[in-house]
Amino acid sequence: MSGHGLHSHPPHEEMVHHAAEGHGGEHHSLSQWVAIFTVILAAFGAIVSYQGTHLMNEVLLQKNDAVLEKAKAADQWNYYQAVSTKLHMMELAIILAPDKAVGFKEKIAKYEQQKVSIQQSATEMEQKSEAANRESAHLNRPHNNLEIAMIFLQIAISLASITALTRRKWLFAIAGISAAGGIGLWISTIFLF
């Protein structure tokens, strides 16, 4: 204190006085909100990540089934082609050796029956492959939405962290908007899927 009636305080006393008036409490309160907000978003992020991983596993299983059925169908079509070749050889044998036509005709009838069942089996396998591909594509759409929702949540967490460092409330508002976008996309994906 000076003798002229002026009060001067050291800087640390000014900070204490400032905090006592409530200004320091706002920072503390904002930090608490940011911490709670971040924890909640991390929990949502864990749920979204789990669901996204589970959905991706389903996508991959369906895609694997599609490839497997396609390979089986290709094997069946190769077998069909082999039976067709044998059939054509028997038809040619009848032309070249008409005296042995009876034995060849029996084999031709057998191969014609085999071709029908092989063709039906190959067609069914191709249809299963196409169905598995469609299901994989169907499951992949919501998976992409979950990935985008996770990006929004991660952006919100990053902005909240920057808010804690800079004390800029407008960053916290943007974090809230990003979080709302992520959670909204997550809800629409899970409950409308």
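Does Asn-78 count as buried or exposed, and at what relative accessibility? I started my notes there, keeping in mind that this is a predicted model.

**Entry 1: Asn-78.** I looked up the accessibility and got 53% relative accessibility for Asn-78. The cut-off for exposed is over 50%, so Asn-78 counts as exposed. I also checked where Asn-78 sits, and that is helix α2, residues 23-96. Then I checked Asn-78 against Ile-118: they are 40 residues apart in sequence, and their C-alpha atoms are 9.7 Å apart in space.

**Entry 2: the whole chain.** I went through the secondary structure next and found four helices and zero strands. Reading along the sequence, I jotted the pattern down as α-α-α-α. Out of 193 residues, 27% count as buried. For the surface, I got about 12,900 Å² exposed, with 64% of that coming from carbon and sulfur atoms. I looked at contacts too, taking those with a separation of 6 or more: 82% of them are between residues 24 or more positions apart.

**Entry 3: α3 on α4.** How do α3 and α4 run relative to each other? I pulled up helix α3 (residues 101-166) and helix α4 (residues 169-192), and they pack at an angle of about 160°, axes 8 Å apart. Angles over 145 degrees count as roughly antiparallel, so that is what I wrote down for α3 and α4. I noted the crossing of α3 past α4 as left-handed. Sorting the residues of that contact by class, I got 20 nonpolar, seven polar and no charged ones.

Terms used. Residues numbered from 1 in each chain as written. Predicted model: local features only at pLDDT ≥ 70, side-chain atom pairs only at ≥ 80, totals over all residues. Heavy atoms only, no water. Helix = DSSP H or I, 4+ residues; strand = E, 2+ residues; numbered from the N terminus. Buried < 20%, exposed > 50% of the residue type's maximum accessible area, 1.4 Å probe, protein only. Contact = heavy atoms within 4.5 Å. Areas by Shrake-Rupley, 256 points an atom, 1.4 Å probe, with all protein chains shown as cover. Axes fitted to C-alpha atoms, helices over the stretch in contact; angles between N-to-C directions. Parallel < 35°, antiparallel > 145°, perpendicular 65-115°, else oblique. Left-handed = near helix turned anticlockwise from the far one by under 90°. Nonpolar A, V, L, I, M, F, W, Y, C, P; charged D, E, K, R; others polar.
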